[in-house]
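The following exercises concern a single chain and are to be worked with the sequence and the coordinates at hand. Each task is followed by a solution in steps.

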Amino acid sequence: MKINFEHHQTAHCENGVASNLLINKGLKLSEPMIFGIGSGLFFVYLPFLKVNFAPGFSYRPMPGAIFSKAAKRLGIKIKREKFSNPKDAQLALEKNLENNIPTGLQVGVFNLTYFPEEYKFHFNAHNLVVYGKEDGRFLISDPVMDYTTSLSESELEKVRYAKGALPPKGHMYYPTYIPENVNLEEAIKKGIKDTCKNMLAPVPLIGVKAMRWVAKSIPKWADKKGTKVTNHYLGQLIRMQEEIGTGGGGFRFIYGAFLQEAAVILKNDELKELSKEITAIGDLWRDFAVDIARVYKNRNSKSNIYQELSKSMLHIADLEEAFYKKLRKAI
């Protein structure tokens with residue numbers, strides 16, 4: 001069983017799987033377009049929730065939300081299934097392959113045999129596509145890789161039933177209906193409006209206000225919890241930013257590419273300028289991550305470093321607030 005499936009490497013797994021599945025069905029939408037329509041830019045701070053012995057930070061919405069929102073706004077129907085029994089999950093996947101349906105899977109990263117060792121960590125919201133089975137091995141299109149690969153039945157079962165936070169439970173998904181004509185202009189506007197609403201939300205747990213809360217907490221952690229705990233918290237912050245979902249600088253660069261495409265489709269030159277603005281903000285997030293990495297590795301001996309990190313993040317939050325207000329007005 002092998003489906004004629006075109007593999008494209010992308011920056012982020014969920015956007016990449018969505019884009020590749022839709023391209024396979026004849027709807028050519030880029031990764032940035034899926035990301036923008038699906039309102040992928042996000043920030044949440046949950047100090048009462050501990051993840052790896054640190055507060056809960058996330059630069060992205062819940063796994064699956066980007067594709068679900070994009071599909072809804074484009075009039076696309078997606079079927080999602082989970083299975084308590086791994087054998088049922090494998091049979092359902094094989095049935096899809098027999099019916100020529102490439103299928104998206106949610107999996108755990110840690111036991112993916114084709115991942116380099118330094119990329120492996122316990123994260124259960126990775127996405128890939130299975131597009132066939134040959135000689136007892138499932139054919140895999142993982143969009144973060146530049147080549148296709150394969151997994152044995154037991155290897156695939158292990159990652160589909162990874163334990164821990166956000167267990168996949170055999171989760172598989174695929175488009176079942178794509179309209180002949182999609183209203184791209186309306187979908188783009190809805191995606192932008194939703195992003196602005198989330199990032200400018202009046203509550204302190206999400207968006208720009210949550211960024212400010214984290215920024216102001218950094219010196220307080222140092223005073224109350226000490227250097228070791230503070231550095232652990234900061235390490236978790238940049239891990240969520242740069243490794244888990246590329247949600248910091250990486251997502252800003254993807255969103256900038258989305259606004260470039262949107263500017264052409266909506267005939268709105270203001271979006272081109274805003275594309276440059278969010279890309280520059282992405283550079284600042286990357287600089288912020290590098291500064292934290294130096295502190296984490298004890299390569300920065302400044303006595304006021306936590307105050308400086310706090311100021312950097314507050315500055316980014318100010319720039320983002322101004323950006324979303326301009327973006328909201330532009331459309």
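## Exercise 1: The domain interface

In this predicted model, 11 residues of domain 1 are in contact with 16 residues of domain 2.

**Task.** Identify which residues of domain 1 lose the most area to domain 2, and describe the character of the interface.

**Solution.**

1. Locate the two parts: domain 1 comprises 13-38 + 77-177, and domain 2 comprises 184-330. Their C-alpha centres are 29 Å apart.
2. Take the buried area, which is about 1,100 Å² between domain 1 and domain 2, with 78% given by carbon and sulfur atoms. On the side of domain 1, the greatest losses fall to Met33, Phe35 and Phe121, together 45% of what that side buries.
3. Count the polar terms. Between the domains, the rule finds 0 salt bridges, and 1 residue pair is in polar contact.
4. Assign the contributions to elements: helix 2 (residues 31-37) gives the most to this side of domain 1, with 6 residues. By class, the side holds 7 nonpolar, 3 polar and 1 charged residues.

## Exercise 2: The surroundings of helix 3

**Task.** Determine how many residues of helix 3 are buried, and state which elements these residues pack against.

**Solution.**

1. Apply the cut-off for burial, under 20% relative accessible area. In helix 3 (residues 65-74), 7 of the 10 residues are buried.
2. List them: Ala65, Ile66, Phe67, Ala70, Ala71, Arg73 and Leu74.
3. Find their neighbours. The buried residues of helix 3 pack against helix 1 (13-24), helix 2, strand 3 (77-81), strand 8 (172-177) and helix 6 (184-199).
4. Inspect the residue just after the helix: Gly75 has a positive phi of about 80°.

## Exercise 3: Salt bridges between distant parts of the chain

**Task.** For the salt bridges of Lys69, Lys133 and Asp318, find the partner and state whether each side chain belongs to a buried or a partly exposed residue.

**Solution.**

1. Begin with the total, which is 17 salt bridges by this rule.
2. Lys69 pairs with Asp194 at 2.7 Å, N to O. The pair joins helix 3 to helix 6 across 125 residues of sequence. Lys69 is partly exposed at 29% relative accessible area, whereas Asp194 is buried at 11%.
3. Lys133 pairs with Glu153, with the closest N and O atoms 2.5 Å apart. Here strand 5 is linked to helix 5 (residues 153-160), the two residues being 20 apart. Lys133 is buried at 13%, and Glu153 is partly exposed at 35%.
4. Asp318 pairs with Arg212, with a closest N and O distance of 2.8 Å. Asp318 lies in helix 10 (residues 305-330) and Arg212 in helix 7 (residues 207-242), 106 residues apart. Asp318 is partly exposed at 41%, and Arg212 is buried at 18%.
5. Look for shared partners: Lys69, Arg73, Asp194 and Lys197 are joined into one network of salt bridges.

## Exercise 4: Positive phi outside glycine

**Task.** State where Asn100 and Asp135 lie, and classify the accessibility of Asn100 and of Asp135.

**Solution.**

1. Recall the background: most residues other than glycine have a negative phi.
2. Asn100 has a positive phi of about 65° and lies in the loop between helix 4 (86-98) and strand 4 (103-107). With 47% relative accessibility, Asn100 is partly exposed.
3. Asp135 has a positive phi near 55° and lies in the loop between strand 5 (126-134) and strand 6 (137-141). With 81% relative accessibility, Asp135 is exposed.

Key. Residues numbered from 1 in each chain as written. Predicted model: local features only at pLDDT ≥ 70, side-chain atom pairs only at ≥ 80, totals over all residues. Heavy atoms only, no water. Domains from an automatic or database assignment. Contact = heavy atoms within 4.5 Å. Buried area = accessible area lost by both parts, 1.4 Å probe. Salt bridge = Lys/Arg side-chain N within 4 Å of Asp/Glu carboxyl O. Polar contact = N/O pair within 3.5 Å; in protein donor to acceptor, adjacent residues only side chain to side chain. Helix = DSSP H or I, 4+ residues; strand = E, 2+ residues; numbered from the N terminus. Nonpolar A, V, L, I, M, F, W, Y, C, P; charged D, E, K, R; others polar. Buried < 20%, exposed > 50% of the residue type's maximum accessible area, 1.4 Å probe, protein only.
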